[in-house]
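Colleague: I have a model open and would like to go through it piece by piece. Please give the cut-offs as we go.

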Amino acid sequence: VEITQLIFQSASEAYAREENDRLWKKVWQIACREEEIPKVGDYYTYEILDESIIVARTAPDEISAYYNVCLHRGRRLTDGCGHVKRFHCKFHGWQYELNGENAVVVDKEDWGGVLNPDNLRLGKVKVGRWAGYVFINLDPDSEPFETFLGTLPKWFDPLEIGKMRYKWRRWMHYPCNWKVATEAFIEAYHAP
């Protein structure tokens, strides 16, 4: 039994690594709802495996997403949800505008001129919006968001999903692969 468990665990870990490399960094995924970031400067930090993404309202009708990493030392700029005028790194004080451009480099003259606007901009992540949901995709070469949605809007827009709001939500952590927990609740047998 122990050898079987070790083989399964090893295969499961390898499968999860492959899933990370081949799936999560290449697919459109829901990061948050638009109403979670209603005002310019509001942000939501989306975590997927070892990646952290800032999803921010950057204009009244614009949402942008960036890798949540300061370009100086790799420290995360945000955690959870909140509101900012600029993204601020607490390690050495670098700051970034809501559009991802660098606003402050402490002692910039000490860098010998190697820093320029092109290498100081936060890494952008693709964003798509539909029915109040904000989607992100980490793959710069991914299919267009509209192609990903396909005929979904045709079938679901009449349900006015964009007008729906969370009434209740609870986060739970299970010591299992997410697919096992999800599968347990998608079959009709559990509905009663």
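Colleague: How many helices and strands does the protein chain have?
Modeller: This is a predicted model, so local features need pLDDT of at least 70 and side-chain atom pairs pLDDT 80 or more, while totals for chains, interfaces and linings use all residues. Residues are numbered from 1 along each chain as its sequence is written, and side-chain values use heavy atoms, with hydrogens and water left out. Helices (H or I, at least four residues) and strands (E, at least two) are DSSP runs, numbered from the N terminus. On that basis the secondary structure of the protein chain comes to five helices and ten strands.

Colleague: What share of the residues in the protein chain is buried?
Modeller: Buried means under 20% relative accessible area, exposed over 50%, and partly exposed in between (1.4 Å probe, protein chains only). The protein chain has 192 residues, and the buried share is 33%.

Colleague: In what order do the strands of the open sheet lie?
Modeller: Two strands count as paired if DSSP finds at least two bridges between them. Seven strands form the open sheet, and their pairing is antiparallel. The order is S1-S10-S9-S4-S3-S2-S5.

Colleague: Why is one side of strand S1 and of strand S5 left without a neighbour in the sheet?
Modeller: Strand S1 (29–33) and strand S5 (81–83) stand at the edges of the sheet. One side of each is left without a neighbour because each has a single partner strand.

Colleague: What is the average twist from one strand to the next?
Modeller: Axes are lines fitted to C-alpha atoms, for helices over the stretch in contact, and angles run from 0 to 180 degrees between N-to-C directions. From one strand to the next, the twist averages 30°.

Colleague: Which residue of S5 is the bridge partner of Asp 42?
Modeller: Strand S2 covers residues 42–48 and pairs with strand S3, residues 51–59, over six antiparallel bridges. In S3, Tyr 44 has Val 55 as its bridge partner, and Glu 47 stands opposite Ser 52. S2 also runs antiparallel to S5, joined by three bridges. There, the partner of Asp 42 is His 83.

Colleague: How many of the residues of S2 are buried?
Modeller: S2 is mostly covered. Of its seven residues, the number buried is six.

Colleague: Which residue in the hairpin of S2 and S3 takes a positive phi?
Modeller: The hairpin has two residues between its strands. The phi in question is near 55°, and the residue is Leu 49.

Colleague: Where is Glu 160, which also has a positive phi?
Modeller: Asp 107 and Glu 160 are residues other than glycine; phi is near 55° in Asp 107 and near 55° in Glu 160. Asp 107 is found in the loop between strand S8 (102–104) and helix H2 (117–120), and is partly exposed at 42% relative accessible area. Glu 160 is partly exposed at 45%. Its place is the loop between H4 and H5.

Colleague: Which residue lies four residues from Glu 18 in helix H1 and meets its side chain in a salt bridge?
Modeller: A salt bridge is a side-chain nitrogen of Lys or Arg within 4 Å of a carboxyl oxygen of Asp or Glu. The search of the whole structure finds ten salt bridges. In helix H1 (residues 2–24), Glu 18 and its partner are about one turn of the helix apart, with an N to O distance of 3.5 Å. Glu 18 is partly exposed at 42%; the partner, exposed at 62%, is Arg 22.

Colleague: Is Arg 33 buried or exposed?
Modeller: Arg 33 lies in strand S1. One polar atom of its side chain is 2.8 Å from the backbone oxygen of Ala 131. At 3% relative accessibility, Arg 33 is buried.

Colleague: Which residues does the network of shared salt bridges join?
Modeller: Glu 35, partly exposed at 28%, meets Arg 33 at 3.1 Å, N to O. Glu 35 also forms a salt bridge with Arg 165, with the closest N and O atoms 3.8 Å apart. That pair links the loop between S1 and S2 to the loop between H4 and H5, 130 residues apart. Shared partners make one network of Arg 33, Glu 35 and Arg 165.

Technical notes
Polar contact = N/O pair within 3.5 Å; in protein donor to acceptor, adjacent residues only side chain to side chain.
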